[in-house]
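Let's take a walk through a protein together, one piece at a time. Keep the picture open and turn it as you read.

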Amino acid sequence: MAKIICRTQLPKWFKSSRYTDIKKSNIHQINCELSARHSVWLGLYGDPHEDLKDHFTEVCSELFTDRVIPINSQTLSIYSEDYNVSPVLNRDVIALAEQAKFQISGQNQECHIDKLDIFSYKYSHCDKDRGNTLISINLSHSSDDEIVRELKRLLPEIRSALAIDNPNRYNTYEKHDNLFNCGVFEYLDLTMWAKLNEHDIRPDFLSKIISNGKFTAKEIGGKVKRNSQNVMSFEYLEQLSVDIKNNKFK
């Protein structure tokens, strides 16, 4: 372990132009930059799945290197595949049918679907990792306003039954500004690089390096660290991707 106390000990890829380029890039590239760092964050501080170790190594080798930052990327992050509300796919219907069949056979070969515990059954199909569940909406018999009212009534019941809390939400614009006002990218890169290499890097040193010495050591350990941790949350990254898809950044 080395204690980092001098700028010459820092890696060659750490230079101000790297972060100037990120700031100049569009929101799609910024989203990709955050997602890459989130992969490393999970590997260092979280509990990643065994099959993600190769991905972690690959992202580290790409992130912690002297690379060109694309300015006009149109690629969204790994969190932006789907909208949170979308039509049910055929595979979802098949999975639900298989689950219902398993429930019936587990109780009794002669058991019929209407004899199941309806409360537990109607919320039984849920992807806990992604927090997905299936619901039925009758478009022919309900207006849009009526459907919205019923969903507002039903959602607390579903969340309670599945023990899935409402996720945290952030002020996306404020957090976006803080990415650069609080030196978030620099803080994340240096602290994760140090942990990855088992170096000791402290706020008093970071205060001299991040944003050209803009912050005190207390601010580094306070608002800079806090904002960096916030943007590494799944909730923030998911919200950012949704806001991008809804064209809230123009």
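At what angle do α7 and helix α11 pack? Find α7, which covers residues 172-181, and then α11, which covers residues 234-245. Their angle is about 110 degrees, and their axes lie 11 Å apart. Angles of 65 to 115 degrees count as roughly perpendicular, so α7 is roughly perpendicular to α11. On the α7 side, the residues that meet the other helix are Thr172, Lys175, His176 and Leu179. Across from them, α11 brings in Tyr236, Gln239, Leu240 and Asp243. Sort this contact by class and you get three nonpolar, three polar and two charged residues.

Before we go on, let's step back for the overall view. What you're looking at is a predicted model, with an average pLDDT of 80 for the protein. A score of at least 70 goes to 73% of the residues. Two stretches deserve some caution. Over residues 76-82 the pLDDT drops below 50, and the model gives this stretch 21 contacts beyond near neighbours in sequence. Residues 109-121 also have a pLDDT below 50, with 14 such contacts in the model.

Now for the parts list. The protein has eleven helices and two strands. Going along the sequence, the pattern reads α-α-α-α-α-β-β-α-α-α-α-α-α. Of the 250 residues, 37% are buried. Here's something about how the chain folds back on itself: take the contacts between residues at least 6 apart in sequence, and 74% of them join residues at least 24 apart.

Let's go back to α7 and pick out asparagine 178, which sits in that helix. Is asparagine 178 buried or exposed? Its relative accessibility is 15%, and buried means under 20%, so asparagine 178 counts as buried. What does asparagine 178 touch, leaving aside neighbours within four places in sequence? Its contacts are Gly183, Val184 and Asn227.

Val184 takes us straight into α8, which runs over residues 184-196. This helix has 13 residues and reaches 18 Å from first C-alpha to last, close to the 18 Å expected at 1.5 Å a residue. Most of α8 is covered, with eleven of its 13 residues buried. Among those buried residues are Phe185, Tyr187, Leu190 and Trp193, and also Glu186 and Asp189.

What does α8 pack against? One partner is α10, residues 217-231, at an angle of about 85 degrees with the axes 9 Å apart. That angle makes α8 roughly perpendicular to α10. From α8, the contact uses Val184, Tyr187 and Leu188, while α10 supplies Ile220, Val224, Lys225, Asn227, Ser228 and Val231. By class, this contact has six nonpolar, two polar and one charged residues. You've met two of these names already: Val184 and Asn227 are both in contact with asparagine 178.

Follow the chain past the end of α8 and you'll reach glutamate 198, which has a positive phi of about 60 degrees. Why point that out? Most residues other than glycine have a negative phi. Glutamate 198 belongs to the loop between α8 and α9, and it is exposed, with a relative accessible area of 56%. A little further on, asparagine 212 also isn't a glycine, yet it has a positive phi of about 55 degrees. You'll find asparagine 212 in the loop between α9 and α10. With a relative accessible area of 70%, asparagine 212 is exposed.

To finish, jump back to tryptophan 13, in the segment before α1. At 6% relative accessibility, tryptophan 13 counts as buried. Which residues does tryptophan 13 touch, not counting those up to four places away in sequence? They are Arg18, Tyr19, Phe64, Thr65, Asp66, Asp189 and Trp193. Two of them, Asp189 and Trp193, are buried residues of α8. As for Thr65, it is 52 residues from tryptophan 13 in sequence, but the two are 5.5 Å apart in space, C-alpha to C-alpha.

One last stop is histidine 55, in helix α3. Histidine 55 has a relative accessible area of 36%, so it is partly exposed. Glycine 43 lies twelve residues away from histidine 55 in sequence, and 9.5 Å separates them in space, C-alpha to C-alpha.

Notes: Residues are numbered from 1 along each chain as its sequence is written. This is a predicted model: local features need pLDDT of at least 70, side-chain atom pairs count only at pLDDT 80 or more; totals for chains, interfaces and linings use all residues. Side-chain values use heavy atoms; hydrogens and water are left out. pLDDT is the predictor's confidence in each residue, from 0 to 100. Contact means heavy atoms within 4.5 Å. Helices (H or I, at least four residues) and strands (E, at least two) are DSSP runs, numbered from the N terminus. Buried means under 20% relative accessible area, exposed over 50%, partly exposed in between (1.4 Å probe, protein chains only). The expected span of a helix is 1.5 Å times one less than its number of residues. Axes are lines fitted to C-alpha atoms, for helices over the stretch in contact, and angles run from 0 to 180 degrees between N-to-C directions. Angles under 35 degrees count as roughly parallel, over 145 as roughly antiparallel, 65 to 115 as roughly perpendicular and the rest as oblique. Ala, Val, Leu, Ile, Met, Phe, Trp, Tyr, Cys and Pro count as nonpolar, Asp, Glu, Lys and Arg as charged, and the others, Gly among them, as polar.
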